Each structure stands twice: as structure tokens, then as C-alpha cells.
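Grab a pencil and open the viewer. Here are some exercises to work through, each followed by a solution in steps.

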Amino acid sequence: MTPSAAADAAPTSSAILDRLYAVIASRRDERPAGSYVVRLLDGGVEAIGAKVLEEAQEVVDAAREEGDEALAAEVADLVFHSWVALAARGVEPDRVYRVLAKRFGTGGLEEKAARHASSDSKEGR
């Protein structure tokens, strides 16, 4: 199957995120030679973090200066590298989904204030 045909056959729902994580986790566990994921994992948090930061900046740049397809591509790169960070720690995407679900129904500023209040109380402030 060509890359174009594979993209056309790929699900467009959030199920693709679980499929992506499964592939990343299999690379982590099976460690195939020449794998980009393995190279990132071997570089540790420093290598993964550098890519996450790079991709985050590219998202901002695309949002500011490029079209919708370029922005979508950069967000996909950011999600991919974020998923590598999760896999490196053995954190399943369900944890991210639960955090997002928990935030529904709470205004963004209200939720952020609650997180800060919680972290302040944990630090004894």
C-alpha cells in the first residue's frame, strides 16, 4: 500500500491516537534496528524533550504563518512526539484522555486556578 493509500484508509477519529501509541509502544518493546522511535527513546528525556519543544514551536509558527494543512501536520508531529514521551515513561494514553474528560464542564481559567491551588497546598504554601 502506498503512503497516500494508507493515509486514505486510516481512521480519522481519535482511534488513530490509540493505534499510534500501540505502534510506538511496539517499537519501544521490540527495538527494531533503524527505528526513529528507538533512537528517540535511547536519547532519553533530553532527546524526546528537544523534539517536543521543536515541534511545539513549529505549531506556533504554522498557526501564525501557514495554511491549515501545514498547521494540522505540525500538530500531528507534536502529538507523535508527545506520545513517544508517554511511551518512554510507560504512561498509557487513557491517562491523558481521563485528564481531558475531567476538564470538561470546567472553564479553562477555573480549572487552571484549581490546579494551582492544589499544587500550592501540596507544597505547604
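The exercises below go from the overall fold to single helices and then to single residues, and they all use a predicted model.

**Exercise 1. Work out how many helices and how many strands the protein has, and what pattern they follow along the sequence.**

Step 1: Count the elements. You should get six helices and zero strands.

Step 2: Read along the sequence, and the pattern comes out as α-α-α-α-α-α.

Step 3: Look at the surface and the interior. Of the 125 residues, 18% count as buried. The protein exposes about 8800 Å², with carbon and sulfur atoms supplying 56% of that.

Step 4: Check how far contacts reach along the chain. Among contacts with a separation of 6 or more, 51% are between residues 24 or more positions apart.

**Exercise 2. Compare the end-to-end distance of α3 with that of a straight helix, and find where the kink is centred.**

Step 1: Helix α3 covers residues 36-65, which is 30 residues. At 1.5 Å a residue, a straight helix would reach 44 Å.

Step 2: Now take the distance between the end C-alpha atoms of α3: they are only 28 Å apart, short of that span.

Step 3: Look for a bend. There is a kink of about 125 degrees in α3, and G44 is at its centre.

Step 4: For a control, try α4. Its 22 residues should span 32 Å at 1.5 Å a residue, and its end C-alpha atoms are 32 Å apart, so expectation and model agree here.

**Exercise 3. List buried residues of α3 and of α4, and say what packs against them.**

Step 1: In α3, the buried set is V37, V38, L40, L41, I48, K51, E55, V59 and A62. The cover over them includes α2 (15-30) and α4 (68-89).

Step 2: In α4, E74, F80, H81, W83, V84, L86 and A87 are buried. These pack against α2, α3 and α5 (93-103).

Step 3: Inspect the ends of the two helices. At the start of α3, a side-chain oxygen of S35 comes to within 3.2 Å of the backbone nitrogen of V37. Just after α4, G90 takes a positive phi of about 75 degrees.

**Exercise 4. Find the residues with the most contacts inside the largest nonpolar core, and work out which helix gives the largest share of it.**

Step 1: This core has 13 residues, and Y21, I24, V37 and V84 have the most contacts inside it.

Step 2: Sort the core by helix. At least two residues come from each of α2, α3 and α4, and α4 gives the largest share, with five residues.

Step 3: Pick out Y21 and skip its neighbours within four places in sequence. Y21 is then in contact with R28, W83, L86, A87, G90, V91, E92 and P93.

**Exercise 5. Sort L41, K51, G49 and R39 into buried, partly exposed or exposed.**

Step 1: Locate them. L41 lies in helix α3, and so do K51, G49 and R39.

Step 2: Apply the cut-offs: under 20% relative accessible area is buried, over 50% is exposed, and anything in between is partly exposed.

Step 3: L41 has a relative accessible area of 15%, so it is buried. K51 is at 18%, so K51 is buried too. G49, at 26%, is partly exposed, while R39 is exposed at 58%.

Step 4: Look at the surroundings, leaving out residues up to four places away in sequence. L41 touches R28, I48, V84 and A88, whereas K51 touches Y36, L40 and H81.

Step 5: Finish with C-alpha distances. L41 and V84, 43 residues apart in sequence, are 7.6 Å apart. G49 and A85 are 36 residues apart along the chain and separated by 7.7 Å. For R39 and R28, eleven residues apart along the chain, the separation is 9.7 Å.

**Exercise 6. Say what stands out about the phi of R31, and where R31 lies.**

Step 1: Recall the background: most residues other than glycine have a negative phi.

Step 2: R31 is not a glycine, yet its phi is positive, at about 50 degrees.

Step 3: Place it in the fold. R31 lies in the loop between α2 and α3, and its 39% relative accessibility makes it partly exposed.

Conventions: Residues numbered from 1 in each chain as written. Predicted model: local features only at pLDDT ≥ 70, side-chain atom pairs only at ≥ 80, totals over all residues. Heavy atoms only, no water. Helix = DSSP H or I, 4+ residues; strand = E, 2+ residues; numbered from the N terminus. Expected span 1.5 Å × (residues − 1). Bend = angle between axes of the 7 residues up to and from the residue. Buried < 20%, exposed > 50% of the residue type's maximum accessible area, 1.4 Å probe, protein only. Contact = heavy atoms within 4.5 Å. Polar contact = N/O pair within 3.5 Å; in protein donor to acceptor, adjacent residues only side chain to side chain. Core = buried A, V, L, I, M, F, W, Y, C linked by side-chain atoms within 4.5 Å. Areas by Shrake-Rupley, 256 points an atom, 1.4 Å probe, with all protein chains shown as cover.
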